[in-house]
2 protein chains.
Amino acid sequence: MDELKPMDAEQLREYGHQMVDFIADYYKNIESFPVRSQVQPGYLRELLPDSAPVRPESLQDVLDDIQSKILPGVTHWQSPEFFAYFPSNSSVAGFLGEMLSAGINMVGFSWITSPAATELEMIVLDWLAKALKLPDQFLSTGQGGGVIQGTASEAVLVVLLAARDQVLRRVGKDATGRLVVYCSDQTHSALQKACKIAGIYPENFRLLKTDSSTDYALSPESLSEAISRDIASGLIPFFFCATVGTTSSTAVDPLTELGKISNSNGLWFHIDAAYAGSACICPEFRHYIHGVEGANSFNMNAHKWFLTNFDCSALWVKDRSALVQSLSTNPEFLKNKASQDNKVVDYKDWQIPLGRRFSYVARRSLKLWMVLRLYGLENLQAYIRNHIELARKFEELVNLDSRFEVAAPRRFSLVCFRLVSARNDVEHANQLNRELLEAVNSTGNLFISHTVLSDKYVLRFAVGAPLTEERHVLEAWKTLQEKAALLLSELKESDANKVGWNLECEYLQYQVRGEVSVSNIHVMCRDERQCK
Amino acid sequence: MDELKPMDAEQLREYGHQMVDFIADYYKNIESFPVRSQVQPGYLRELLPDSAPVRPESLQDVLDDIQSKILPGVTHWQSPEFFAYFPSNSSVAGFLGEMLSAGINMVGFSWITSPAATELEMIVLDWLAKALKLPDQFLSTGQGGGVIQGTASEAVLVVLLAARDQVLRRVGKDATGRLVVYCSDQTHSALQKACKIAGIYPENFRLLKTDSSTDYALSPESLSEAISRDIASGLIPFFFCATVGTTSSTAVDPLTELGKISNSNGLWFHIDAAYAGSACICPEFRHYIHGVEGANSFNMNAHKWFLTNFDCSALWVKDRSALVQSLSTNPEFLKNKASQDNKVVDYKDWQIPLGRRFSYVARRSLKLWMVLRLYGLENLQAYIRNHIELARKFEELVNLDSRFEVAAPRRFSLVCFRLVSARNDVEHANQLNRELLEAVNSTGNLFISHTVLSDKYVLRFAVGAPLTEERHVLEAWKTLQEKAALLLSELKESDANKVGWNLECEYLQYQVRGEVSVSNIHVMCRDERQCK
């Protein structure tokens, strides 16, 4: 690119075609990469120069570097063997939408800066609201409406701020220290971060306890008691967040009862359905959001399980004026006729980014629109159902193998499971599963993650990558079985040697707490046999 | 797309090539579109169906709709005749980077979720810091480092939160109501929004006045006096934001003196160089950020004037632990060996989005890396210099035409100018320029914007689109001259009729306040001649 032609149509065409082929080839070969990157921290600094080049380099040089230096450090989220976190779907339609957004590179902070951007966002979110059968109050044709945020974290932050400012307008701004937020201990930590940002006192953030008796859903009594206690102490309950499909185990909070309690106490009721919301476009799963009628706001991530490339988090509110009151700014040079006549929506007032400068508005609606049109709702439903069916099959496999157990009920496409320890020792079982996780992820054949439920270390197998088929699930299960068998036989051998897990060894305690790996233990420990 | 193959390599290849051609053709024909969209509010809802399709549609159908329904509602930010806001650059390299990010669609919230993502971001921001000759303390090799945020608004919010929490740890969290923030009245409104979010009391947000005597830069005395006054009243000054290249007129605050005052009073000193920062890679413009040594944080938007597609806002801090203390969360299922050994940076703790879920990390570094490599620093400097030279030429044209005046000194690529009124009447002159703005923007030939400086309505001509050449500037000036001539001759005629601007007419008052346009006045007014 010797001569600088920063936006030359023919250069874009030539290099664009080259890049399309590069990316298509990546997907063709995606199964050849280790799913979880196997590099060591700091690997890339060794490979790249210390400063930016003064003279231009060729596209081929850059593509070669991506192949040889960048891709080895990539964890392949789109790999069919990626089962670690909830998915972050890519699709052809989503990709085309991203290309188009990047191509036009329009910026839509106010309606006037790109009318199509703002209007398409309102229309597409109305489409999606209808597909989810959300109550009409969430449609943009009334007092409510939808807005696309970057992530569920931003979504919960903007509604928390709207709720905070609404209550402070009533009780006076010096009352921040008395505001209380409620959620279950399974709620996404994004809410805790939002509370930190909003200045809610840490001691007024109520993580209400759940356990296996309710399958990790929040019990209405627990919410109701906590609110009463706080009111009695002179505090001001103002925000409650329920979850449909928690990250750890896809628990579903009972929305209808919780909503009643929340409403009767004047709290803002937010529903986080970031992952599981997508499933609710299928009639047979729609019941999971029964009770959404009582909510002030509802959120689902189209970039998770809805084939829309990252990022695209859909947030609906019943009362859009609450958002605008918290988040609007109106400097002189953004004033324009359309906005001042109140004929249009300025999405800058619905989100965190910018006073006015720039926003993501509209860039994201294009890709969601393309996903809905190029696939259609029927195909999207089939896509969701297929993943849930694959997860059901994996659950069946776990149930058939007595060495394993399912650790929480499966509802959507996540299976929580674990290797059972023959010894009646929680810590030993946890360590066993920690080792199994590391053993399977180190193969590069698949990538799974973990969580902790009632002090038990639990493995998470989340189906959701766009290329995953039954054979990938079966292969993953095979690797898991093989590694489990190896671990258990090593254990048996060490039991036979009567050395066993000696918890007296100080280094071993680090290991049990997950702070060092087995391989390091042997280096640290003075008596290797003691640790075997 | 009848059969759902959400990420089929060959389908991606076929449709990807089709989309590349669509986008290349868009750039080929970009000059044929009206720069500012000319549609009316609500236009798109008339054109699109009420709900999402159940069955898939073809890519050709969608592309046809983009051409016929979406593009008319787009304001063309990449048009060579776009002179309205600071640029939001697109480039071939930036576009390729966006394609690649969307293609791999990796998510890098923690190091382990994509090592290349995090490491590339650190390396590329070190490259850019060196190109800007930032002090070593801002490099990731020490206690500081850079992170890519979405926008300058997010950048100022994260440092404000870090500063707030740092001071509250010292003085106790009940002191929020006494915290004071300082900036000039030319500072981006994003800071005000950040203060609202962070719970800073509105009465403790000090917008210090500037005027033409300092070319709208903040005077050190004014900062110093304000701080002393607040300390005397028992308040706690804690955050100061200076700007290099203000939005209204590209004023540059005197960093060295302001930094000394800020430092000696223990304030967090942030520099917002969102637009003008890019120019500082040229040695001859580097002096504008002299004094950055004294800052705690520094921000520039690569997505503005640095050929990196939206969004990509580079933020550097000297003390990264302050950010992490404010923004980290560490739920169980994100724990991993690399993070716990403190061998790696987890960018989730440097930004707003996510507790843990998802972040933008790394997606953005790829495109910045591609811009730096495919263009090289020399070309990027030439690109910046060319825009500044074009703005200088425009300024020259304005100076040569006695009907116009330059309203503030030009430093970078923005010219603030206005039509001069023969009458000695500020409101009349303002109205004249308001009409001129609307007249030129309605032609669709160019798009400019406005601001208000010392109560004067001023037109902004910002050079910065990647395709802008000298001929576009000359054509824009021609349209401006023509429309000005027309307006002035209409005015002369009405003066001759001795009717003039009758401020007694109630409708005309709306017009003077900019609330209705001239064409509507005639419809509303009962006596048309009175308003002429």
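These entries follow what I looked up about the contact between chain A and chain B in a predicted model.

**Ground rules.** I number residues from 1 along each chain as its sequence is written, and chains are lettered from A in the order in which they are written. Local features need pLDDT of at least 70, side-chain atom pairs count only at pLDDT 80 or more, totals for chains, interfaces and linings use all residues, and side-chain values use heavy atoms, with hydrogens and water left out.

**Extent.** I looked up the contact (heavy atoms within 4.5 Å) and found 170 residues from chain A and 170 residues from chain B. The buried area (accessible area, 1.4 Å probe, that two parts lose on being put together, summed over both) is about 15000 Å². Carbon and sulfur atoms give 64% of that area.

**Salt bridges.** I took a salt bridge as a side-chain nitrogen of Lys or Arg within 4 Å of a carboxyl oxygen of Asp or Glu. There are 14 between chain A and chain B. One that I looked up joins D21(A) to R13(B), with the closest N and O atoms 3.1 Å apart.

**Chain A side.** Helix 1 of chain A (residues 9-28; a helix is a DSSP run of H or I, at least four residues) gives the most to the side that touches chain B, with 18 residues.

**Symmetry.** I found that a turn of 180° and a shift of 0.0 Å along the axis lay chain A on chain B with an RMSD of 0.0 Å (least squares on C-alpha atoms of residues with pLDDT of at least 70 in both). The two copies are therefore related as by a two-fold rotation axis. Both copies use the same surface, and 99% of the contact residues of chain A recur in chain B.

Note on methods: Helices (H or I, at least four residues) and strands (E, at least two) are DSSP runs, numbered from the N terminus.
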